[in-house]
Amino acid sequence: MAAGQSSTPSFFNFLKEGVLLPSRNRSLFAAVFVLIVATTSLLLFANDLAIQPLADEVLADVKALNGTDPSSPDFSHLLQEIQDDTRDLLLAGAAYLLGAVVVGSAVRIVVLFAAVTTYSGELHTFGSLLGKARAQLKSPVLTLAFVYVVEIAYVALLAAMAALIVYLAMKGYTVALLVVYLPLLAGVVFMVYFAFVCNLGVVVAVAEPGCHGAGAVRRAWRLAKGKRRRAVVFVAVTGLLAAAFSPVHTLARACAVGNVASGLLLELVYTALMAAVELFGLCAFAAFYYECKGSSVAAATEYEKLSTQEANDA
C-alpha cells in the first residue's frame, strides 16, 4: 500500500488511516486490541489494589496529623505511620512504574509491528507477527531505551529550571526570573513536539531495522521537518480523546465503593476505550511515517530528475 501511494495525501489523511488501518487485517488487530485491553486492565487493577490504598492511607494519616496535638503520644505515632506508609508507597510505586514501563513498551512494540507491517502490505497472523517482532526486537528496544533516557534528562532539566524560578521568586530577583521563565516556557512547549518526534523515532526503528537509537530519532526529526502542524493536530486529537474518556475511570472508582461489579464493568469499559485510543494513535503514527517517507522519496526523485535534465541540457 505504501509503495503504491504516489499522490500527495491530504492533511488529515494519516488520522483517517489510523482509524481504517485495523480493518485491513481484522483478526490480527482484534488480537492486538485484546492484548492492549488485558495488559492495561492488569496495570489499572494493580494500581487500584496496591498503589491507591497506600496513597489513601498516607493522605488519611496526614489529615489526622493536622488535627492532632503535637505534644500528645498520638502525634508521634501518626508521624511514624506516615513515614512507614510513605516508604512502602515509594517502593511499591517504583516497582509498579518499572513493571508498567516494561509491559507498556512490549505492547507498544507489538502494536507498532502490526501497524507497520499491515500498512506496508504484509499480512500476518498474531503468531507470525510475534515471530517477526522477536527477530527484529533489537532496534525498537534500543530506540525506546534511548528515548526514555533523553526524555528523563529533558524533564530533569525543566524541573531544575522550575526550581531555579522558585528560588529567584523567593529572593525577589524579577529580571533574572523573567530571563529563566521564558526559556522554561519555550522548553515545555517544545517538549510536546520533541515527544512526538521521539515516538516517531520508535516507528522508524520498527520499519527500518538497521536504524535505531539516536539514529532513528534523527531520521524521525528529518522526516517530520515541515510537518509540525500535523504533529499538533495529532497531539490535540489524542489528548482530547483521552480527556473525554477519563471521567469514565473516575465514575468507575466512585461506583466501586458501593457496587464492586458496576465499578469493575466501568473500569473494563474505560480500559477498552483507552485501548482504542492507543491503537488509533500508533496506527496513525505508522501512517504518518509512511507519508513522510513517501514525500521524502518523491522529493529526492524529483531532484534527481531535475539534475539529470540539467546535465542533459548542458
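Read from the N terminus to the C terminus, the predicted model follows the pattern α-α-α-α-α-α-α-α-α. The protein thus comprises nine helices and zero strands. Its C-alpha trace extends over about 95 × 55 × 35 Å along the principal axes. Among the 314 residues of the protein, 35% count as buried. Of the contacts with a sequence separation of 6 or more, 75% are accounted for by residues 24 or more positions apart.

Two of the helices were examined for their length and for the residue that follows them. Helix H3 contains 47 residues, and the distance from its first C-alpha to its last is 67 Å, close to the 69 Å expected at 1.5 Å a residue. Gly121, with a positive phi near 105 degrees, follows H3. Helix H5 contains 34 residues and reaches 50 Å between its first and last C-alpha, close to the 50 Å expected at 1.5 Å a residue. After H5 comes Gly172, and the phi of this glycine is likewise positive, with a value near 80 degrees.

The buried residues of H5 are Ser139, Pro140, Thr143, Leu144, Val147, Tyr154, Leu158, Met161, Ile165 and Leu168. The elements that cover these buried residues include H3, H6 and helix H7, the last of which spans residues 214-224. One contact between H5 and H7 can be followed at the level of single residues. Ala216 is located in helix H7, and its relative accessibility is 0%, so this alanine counts as buried. When residues up to four places away in sequence are set aside, Ala216 touches Thr143, Gly201, Val204, Ala205 and Cys211. Of these neighbours, Thr143 is itself among the buried residues of H5. Ala216 and Ile51 are 165 residues apart in sequence, and their C-alpha atoms are separated by 35 Å in space.

Buried positions were also examined in helices H2 and H3. Val32 belongs to helix H2 and has a relative accessible area of 0%, which means that this valine is buried. Beyond residues up to four places away in sequence, Val32 touches Val111, Ala114, Phe126 and Leu279. Val32 and Pro22 lie 10 residues apart in sequence and 9.7 Å apart in space, C-alpha to C-alpha. Thr117 lies in helix H3, and because its relative accessibility is 2%, it counts as buried. With residues up to four places away in sequence again left out, the contacts of Thr117 are Glu122, His124, Leu129 and Lys132.

The largest pocket of the model has a volume of about 830 Å³. Its lining consists of 29 residues, of which Gly104, Arg108, Asn199, Glu278 and Leu282 are the closest to the centre of the pocket. Two or more lining residues are given by each of helix H2 (26-66), helix H3 (73-119), helix H5 (138-171), helix H6 (174-207), helix H8 (228-258) and helix H9 (260-313). The largest share comes from H9, which gives eight residues to the lining. By residue class, the lining of this pocket divides into 19 nonpolar, seven polar and three charged residues.

With regard to the cysteines, the structure holds zero disulfides. In general, a disulfide is a covalent bond between the sulfur atoms of two cysteines. For Cys211, which is in no disulfide, the nearest cysteine sulfur is that of Cys198, at a distance of 13 Å. A disulfide is assigned here to sulfur atoms within 2.5 Å, so a pair 13 Å apart does not qualify. Cys211 has a relative accessibility of 15% and therefore counts as buried, the limit being under 20%. This cysteine is also one of the residues touched by Ala216 of H7. Cys292 is likewise in no disulfide, and the nearest cysteine sulfur to it, that of Cys211, is 14 Å away. Cys292 is buried as well, because its relative accessible area is 1%.

Technical notes. Residues are numbered from 1 along each chain as its sequence is written. This is a predicted model: local features need pLDDT of at least 70, side-chain atom pairs count only at pLDDT 80 or more; totals for chains, interfaces and linings use all residues. Side-chain values use heavy atoms; hydrogens and water are left out. On a 1 Å grid over the protein atoms alone, a cavity is a set of points where a 1.4 Å probe fits but cannot get out, and a pocket is an open set with protein on both sides within 12 Å along at least five of seven lines; lining residues have an atom within 4 Å of a point. Grid points are joined across faces, edges and corners, and a volume is the space filled by probe spheres set on the points. Helices (H or I, at least four residues) and strands (E, at least two) are DSSP runs, numbered from the N terminus. Ala, Val, Leu, Ile, Met, Phe, Trp, Tyr, Cys and Pro count as nonpolar, Asp, Glu, Lys and Arg as charged, and the others, Gly among them, as polar. Buried means under 20% relative accessible area, exposed over 50%, partly exposed in between (1.4 Å probe, protein chains only). The expected span of a helix is 1.5 Å times one less than its number of residues. Contact means heavy atoms within 4.5 Å.
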